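User: I would like a close look at a single part of this model, with the reasoning laid out carefully. Please keep to what can be read from the coordinates.

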Amino acid sequence: MKQKIVNWLLIASLVSTSIPSVQVFADDSQTTEPPSTQETVTTESLSPWDFTSDTTTYEEPELVEEEISTTQTSDPSSSETSSTQETPQNTETFPSESDGFEDWSNPILFEKYITITEKESFVIYQSQELTEIVERKEVKNQTFFAKEQFELANGKIYVSLYNQAQQLIGYIENDAENKSLVFTENLQGTAKEYNHYIMVVETTEENKAYKDFTFTESFSIDELLNRTYFVKEHYYHFDGKEYLVLTDKKGATVAIIEQSLTVISPDAEGIAQDFDAYLTLNKDYPLWSSFNFKVKSTTKPYEEKILLAKEIYYHFDGSQYLAVYNNQDTLIGYVNAKGVDLYAGKLGAKKDFGKFVTISGTHPIWDNELKTSTPSTNYKNKTLEAKYVYANFDGTTYYALYNNQGKWIGNIAEQGVTVATGQQGIYQAYNKYVMLKGDYPIWTAFDWARSIDLTPYKNKTLEARGIYYHFNGSSYLSLYDNQGKWIGYMNAAGANVAPGQQGIYQAYNKYVMLKGDYAIWNGFDWAKSTSAAPYKNKTVQALGIYYHFNGSSYLSLYDNQGKWIGYMNAAGANVAPGQQGIYQAYNKYVMLKGDYAIWNGFDWAKSTSAAPYKNKTVQARGIYYHFNGSSYLSLYDNQGKWIGYMNAVGANVAPGQQGIYQAYNKYVMLKGDYAIWNGFDWAKSKSAAPYKNKTVQARGIYYHFNGSSYLSLYDNQGKWIGYMNAAGANVAPGQQGIYQTYNKYVTIKSNAYAIWKNFSWSSKASGSFSGQSYLAKGIYYHFNGSKYLSLYDNNNKWIGYINENGVDYRPVHLFVMGHGDTDPGAVGNGTNERDFTRRELLPYLQKYANQLKNNHIIFYDTSRNLYKETKSGDGLYDIYYGLSSITEIHLDAGIQNIGTGGHVIVSPGKSNYTQDLALAAVVGKYNSIWRNTASSAGLSYRTDLLNLNVSKKVDVSYRLVELGFITNQKDLALLRANLDKIAKEFVQIVTGEKL
């Protein structure tokens, strides 16, 4: 029979623990033959009924058929319970002579034991009649108490046999010749040959093992469990039990136990018992093909493999042997249990492995008993530590997996992992393109000893040919550049995976100006492209950028309507600082129209009006092709000062610094002091002197960058003259040219020349003007080649325009009658200065003035006061132009009839006093010289008179003639008497013309 071993811990104890009373032999070659000698077993010789060996008398028991009672006592000195011998109560009645039996009357106390088996050749009679025989099967294998011996008359001796219950079994002949008849004094009876290997396989708490048949020393039978012993003898004890004497290999008695607790083994190996444990073989122990230990099985095919021990044998030699099966359920042999390593499950031996493995995700992860599994998909491509390796019973190798926190994950078949060379895990093909973030180092090896500079690879797309899923939880990329050169390893967290070689789209949000010489692609398959020429010098928006694996950067371009244009190599564009685009050297000269704002910046925050620059030529040093579709010029003035940005639509590009030719169609009068140029290269010029004060046509004008305006001049024949600085000309209101102050007095020759009211020749002045003298305040040098004078009378009234050919030029002299208007001047002798000069002297002066041929005298308006008007800013200031001289006539006043004589007042330092002295002489001639001026020939030098000082200032010869004292009747009478003469001589002296 087999005993099922349930707890595997018990298995381990069986392998490693020996029963103290059994000597275990490690040598498997030792013979398993039973011992040839038997150790003497101590026996118990007392009567089962407390008879003693020295008893000479006894009371014969009375035979009764009631059940004999038995008692058990406990040894108070022992913790273990021992059975006392059951003894009869000596109440049995033995037969006597009076019963009629032959010779049975004198029993002799015998007190021995005899064991009855099937082998003894004797009979047991039921009664003293010796007629009925007890059936052997009822008494076999029992030991009985031979209580009394009867010597019969016939010479035979019979012994009465009793069982433990004090029941008479029968009578047996004690024949000395019968060798099979053996009596003993021991309760166990006589030893019987057994010669079997047995195993103790069952026990209870009440079962004991004994040192000898005294049953005084006992121990737990558990110590004998599952051991194989040799039993040469056994005893059928008087107590009704069969006892076996267990011996070890050396023949030493180990214990005495009840036979019912044992099972006979077919041989020394013992009985196979269920074991069911997994193991690996130790090459130091042989694998036997059978328990004869003659043929060894080879262990080589099973090294490092997990095998199954289905049964265990507790061999007589003290060793334990396992029946070993392979994973095909084939018995491959028997091995000493010391030569194996046992395991609780199929995983077998746990051996240090200490390597790192990468999980494929295809095989489950098991618990230690390989009963419960979880998918390994959560760990797919992760690198874990395989601390231990197990050789599984089914032939599979399993690894015990631990994460980087040292936590056990489970066990996985070797087919589900790849063993790596280090913590980095295994190299796995990745073949993706990535862009580095720039914040993780690139390592030259997984020992982290050296890293390389990331700078050359920032914002570059690299090829990640392989990937390592490192034990530390990170993934590391094996990076290559576009030349196929290996760069190093980098944590995958430091890179973004791109959809292709183009790299990763990155927000760029910049404005770029296209050069126009790179293709614009519809995709990174390079299948379709368009020309960038239409976008040349345009600013577009690069919303994104790709740092391509080929080493180039590609912009994702959009127009100002938000429409995608395509991808273009960034080398075909220049990045602008903003929507304005890129500053480009322009270096052109432009003329501003004046109707577009000039901006201080492209944030449009502040602007200035371009009106002040209208029609000015400025330098557009640079140009911006703005994203909004407009072009903006960066403008500078001729001092190199930046003006601002302006939409190019607000300017016209000039062929040079001269600016743009603009129709002018004006008439100008040249001053004559500026050169006339043949071109704006200033290479050749001519003098403008011949054109001085001529009116020419400025058909066009250039607003030159130098700040000057240049006129394109034509004469009245339509012939181009050249370019001249406009500062050298005055713009005329028409072909007449520019009014120029002339301030010359002219005399109309005849009525043949019209006096025009306008230069459109649509209106003439009416009347006869022949012989009249007028002040030509202005002159016009007409484009037709003629000169036109603007005529005013002596009342400053404009008359009109006359061709200079219609006038004569004569010296003009002004005579002024002093005081006037409300100012009478000096008063005396019934008259005043104002009235005397105007009413009495003036008519004579006018008479002789009209007789002049080569000169002309004009008289200041007698209704006006020259002093007052000059003082107010008019007067002399309005009429001095073209005057050859000014003669102002006054009268003095003083004490009545005391002051006398006249004089001439002049400015000191005058260059010529000839006329002044002559006038003083006339006064002295017809009156007298005032005594205060007698020493200076009648001249009085003054600096405190207004008209005197103004005349000196405007450089007109001036004198003030005092004719005499109006308060002196004599002076007044002399003057009145000579007025005609005085008038004539004054006219002749002033004009120098003889009348």
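Which residues of helix α7 (residues 946–953) are buried? Please then go on to the packing of the helices and the core in the same part of the chain.

Analyst: The model is a predicted one, and what follows should be read with that in mind. In helix α7, which spans residues 946–953, the buried residues are Asn 947, Leu 948, Val 950 and Ser 951. An α-helix has 3.6 residues a turn, so residues three or four places apart point the same way. The buried residues of α7 pack against two helices, α4 (866–871) and α5 (876–879), and against the strands β66 (883–892), β67 (903–906) and β69 (957–965). Just after α7, the backbone at Asp 955 takes a positive phi of about 60°.

Turning to another pair of helices, α6 (residues 914–926) and α9 (residues 979–991) pack with their axes 10 Å apart and at an angle of about 170°. Because angles over 145 degrees count as roughly antiparallel, α6 and α9 are described as roughly antiparallel to each other. On the α6 side the contact is made by Gln 915, Ala 918, Leu 919, Val 922, Val 923, Lys 925 and Tyr 926, and on the α9 side by Lys 981, Ile 982, Glu 985, Phe 986, Ile 989 and Val 990. By type, the residues of this contact between α6 and α9 divide into nine nonpolar, one polar and three charged.

Phe 986, one of the α9 residues in that contact, also belongs to the largest nonpolar core, which has 35 residues. Within this core, Phe 986 is among the six residues that touch the most other members, the others being Phe 815, Leu 845, Phe 859, Ile 889 and Leu 963. Helix α9 supplies the largest share of the core, seven residues. In soluble globular proteins, nonpolar side chains tend to be buried together.

Leu 845 gives a more detailed view of the core: leaving aside residues up to four places away in sequence, Leu 845 touches Phe 815, Met 817, Phe 859, Ile 889, Ala 983, Phe 986 and Val 987. Of these neighbours, Phe 815, Phe 859, Ile 889 and Phe 986 are themselves listed with Leu 845 among the residues that touch the most other core members. Ala 983, Phe 986 and Val 987 fall within the residue range of α9, 979–991, whereas Ile 889 falls within that of β66, 883–892, a strand against which the buried residues of α7 pack.

Note on methods: Residues numbered from 1 in each chain as written. Predicted model: local features only at pLDDT ≥ 70, side-chain atom pairs only at ≥ 80, totals over all residues. Heavy atoms only, no water. Axes fitted to C-alpha atoms, helices over the stretch in contact; angles between N-to-C directions. Helix = DSSP H or I, 4+ residues; strand = E, 2+ residues; numbered from the N terminus. Parallel < 35°, antiparallel > 145°, perpendicular 65-115°, else oblique. Contact = heavy atoms within 4.5 Å. Nonpolar A, V, L, I, M, F, W, Y, C, P; charged D, E, K, R; others polar. Buried < 20%, exposed > 50% of the residue type's maximum accessible area, 1.4 Å probe, protein only. Core = buried A, V, L, I, M, F, W, Y, C linked by side-chain atoms within 4.5 Å.
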